[in-house]
Amino acid sequence: MMLIAVGTPSAFGWSIPINQASRRVYLHVGNGAPAGNSSATSGPINLVRVSVPANQLGNGVAQAMTSNSTQSNSLQGDNYLTCPTPSSQLLIGASYQRNNNGAPASATLRVSSPAVLTNANGDTIPISEISWTVGAPGSGAPNVIPAGTFSGSSQFLATIPANTYIENCHSFRYANSAMRAAGTYTARVTYTVTSP
C-alpha cells in the first residue's frame, strides 16, 4: 500500500474458521485475489491519499484519507460485504492453514513503514501522522486486527490461529498537526504474514 498525504470506532472484524490444509499463509490488502487461488501471487498496490484544504493546513483537525481500492467483498469465499465504501477503506485479510502435524500453532500479521513521508524536495512528514480505525459491518468480534498508528518500524498487528481467516476494513486518517511545505508526500507501507 502507498500513502500520500498533501473518536475511534469500535475495532471489529471477522474471524472465520477454515479447513485444514497443507501449511500456507494468505494475505490481501485492498484489491486482491481470492484465498486459495494459487495462480494469483499479487494484486495492485493500492493508494490512500488526502488533499488538505489550504484553509485547514496544520490546524490539528484530522483529515480522512480516500482509497483507490474497489474491493468491498470478502475474498475468503463467502463474498460477504465487509467494506461497504472501499473509496474510503482498505479491506485487509489474512489466513493461516495447516494440518495437525506439529506445524506452528499460529502465524503473525505485521505492518512495516518508513519513518517519514517525503516529497520531491526532500521535505518530510512523520509517518506517525497517519493512523487507522477499523470496522466490519455486522461483526461482533472485537480486535481481530486492531486500530493503530504507523510507527516507522515493523509493528505487530495480530496473531492468526491455525486454520483461521481474519479480516476487517481500515480507514486511514492524517493528523494534520503542523504546517508542512507544499508538495505531494509519499511513503510505502508493507503488510506481511509469517509463520516460523
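**Notes on an all-strand model and its aromatic cluster**

1. Let me start with the surface: the accessible area of the protein comes to about 9,000 Å², and carbon and sulfur atoms account for 51% of it. Of the 196 residues in the protein, 41% are buried.

2. Please keep in mind that this is a predicted model. The mean pLDDT of the protein is 84, with 82% of its residues at 70 or more. The stretch to treat with care is residues 1–11, where the pLDDT is below 50. In the model, this stretch nevertheless has 61 contacts beyond near neighbours in sequence.

3. On secondary structure, the tally is simple: 17 strands and zero helices.

4. Now to the interior. In soluble globular proteins, nonpolar side chains tend to be buried together. Here the largest nonpolar core has 33 residues, and L109, F150, I160, I166, F172 and Y191 are those with the most contacts inside it. The strands that each supply at least two residues of this core are β4 (47–50), β7 (90–97), β8 (106–112), β11 (130–135), β14 (154–161), β15 (164–174) and β17 (190–194). It is β7 that gives the largest share, four residues.

5. How many aromatic pairs does a search of the whole structure find? There are four, and two that involve W132 deserve a closer look. A pair of aromatic rings is described by the distance of the centres and the angle of the planes.

6. Take W132 and F150 to begin with. Their ring centres lie 4.8 Å apart and their planes meet at 45 degrees; because that angle is neither under 30 nor over 60 degrees, the pair is tilted. W132 sits in strand β11, while F150 belongs to the loop between β13 (148–149) and β14, so to speak of distant parts of the chain being linked is fair: the two are 18 residues apart. Both W132 and F150 are buried.

7. The partner on the other count is F172. The rings of W132 and F172 have centres 6.5 Å apart and planes at 50 degrees, so this pair is tilted as well. With W132 in strand β11 and F172 in strand β15, the pair ties together parts that are 40 residues apart in sequence. W132 counts as buried because its relative accessibility is 3%, under the 20% cut-off. F172 is buried too, with a relative accessible area of 3%.

8. Putting these pairs together, W132, F150 and F172 form one aromatic cluster. Two of its members, F150 and F172, are also among the residues with the most contacts inside the largest nonpolar core.

Note on methods. Residues numbered from 1 in each chain as written. Predicted model: local features only at pLDDT ≥ 70, side-chain atom pairs only at ≥ 80, totals over all residues. Heavy atoms only, no water. pLDDT = per-residue confidence, 0-100. Contact = heavy atoms within 4.5 Å. Core = buried A, V, L, I, M, F, W, Y, C linked by side-chain atoms within 4.5 Å. Buried < 20%, exposed > 50% of the residue type's maximum accessible area, 1.4 Å probe, protein only. Areas by Shrake-Rupley, 256 points an atom, 1.4 Å probe, with all protein chains shown as cover. Phe/Tyr/Trp six-rings, centres within 6.5 Å; stacked < 30°, edge-to-face > 60°.
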